[in-house]
Amino acid sequence: QGQLVESGGGLVQAGGSLRLSCAASGRTFSNFAVGWFRQAPGKEREFVAGISWRVGSTKYYADSVKGRFTISRDNAKNMVYLQMNSLQPEDTAVYYCAARPGSGSYVYRTRPDYSYWGQGTPVTVSP
């Protein structure tokens, strides 16, 4: 079994930045595809960004974060990151890291695709 633990969330003013981290433990996730999702109060959990298992391979972003967020991974450390810049109040949500066995350069983008989930880290962006 494996576990994912997110960190790095917090309160930030609009226009600010945060870097979320996702630490994997219990198994090697180097051949796993990883995604970041978020869930705002009263809303469905939505895809934010994903990265294929191959380091430096495919990345995919939701339109709402494209150009502002960057996903990256360090397989040697079993870590995945989400750098979030130019944050806006509408980015306020709980952010979740998710993982699943990867398939080449494919990026998975829906919640049912993922089999491992973290507990989430809250991000609040004030106006």
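A residue counts as buried under 20% relative accessible area, as exposed over 50%, and as partly exposed in between. With that in hand, welcome to this predicted model. Lys66 makes a good start: its relative accessibility is 48%, so Lys66 counts as partly exposed. The tour below covers charged pairs and aromatic rings: the structure holds four salt bridges and 10 aromatic pairs.

**Lys66 and its partner**

- Lys66 forms a salt bridge with Asp63, and their closest N and O atoms are 3.1 Å apart.
- Asp63 has a relative accessibility of 64%, so this residue counts as exposed.

**Asp91 and its two arginines**

- Arg38 and Asp91 form a salt bridge, with 2.9 Å between the closest N and O atoms.
- Arg38 belongs to strand β4 (residues 32-39), while Asp91 sits in the loop between β8 (79-84) and β9 (93-101), so this salt bridge ties together parts that are 53 residues apart in sequence.
- Asp91 also meets Arg68 through their side chains, in a salt bridge of 2.8 Å from N to O.
- That second pair links distant parts of the chain, 23 residues apart: Arg68 is in the loop between β6 (59-61) and β7 (69-74), and Asp91 is in the loop between β8 and β9.
- How buried are the residues here? Arg38 is buried, with a relative accessible area of 6%, and Asp91 is buried at 0%.
- Arg68 is buried as well, like Asp91.
- A network of salt bridges links Arg38, Glu46, Arg68 and Asp91.

**Aromatic rings**

- One aromatic cluster is formed by Phe37, Phe47, Tyr60, Tyr106, Tyr108, Tyr114 and Trp117.
- Among the 10 aromatic pairs is that of Tyr108 and Tyr114, whose ring centres lie 6.4 Å apart with planes at 80 degrees, so the pair is edge-to-face.
- Tyr108 and Tyr114 are both buried.

**Arginines over Trp117**

- Which residues place a charge over the ring of Trp117? One of them is Arg45, whose charged end sits 5.1 Å from the ring centre.
- Arg111 lies over the face of Trp117 too, at 5.9 Å from the ring centre.
- Trp117 is also a member of the aromatic cluster, together with Phe37, Phe47 and the four tyrosines Tyr60, Tyr106, Tyr108 and Tyr114.

Note on methods
Residues numbered from 1 in each chain as written. Predicted model: local features only at pLDDT ≥ 70, side-chain atom pairs only at ≥ 80, totals over all residues. Heavy atoms only, no water. Helix = DSSP H or I, 4+ residues; strand = E, 2+ residues; numbered from the N terminus. Buried < 20%, exposed > 50% of the residue type's maximum accessible area, 1.4 Å probe, protein only. Phe/Tyr/Trp six-rings, centres within 6.5 Å; stacked < 30°, edge-to-face > 60°. Lys NZ or Arg CZ within 6 Å of the ring centre and 35° of its normal.
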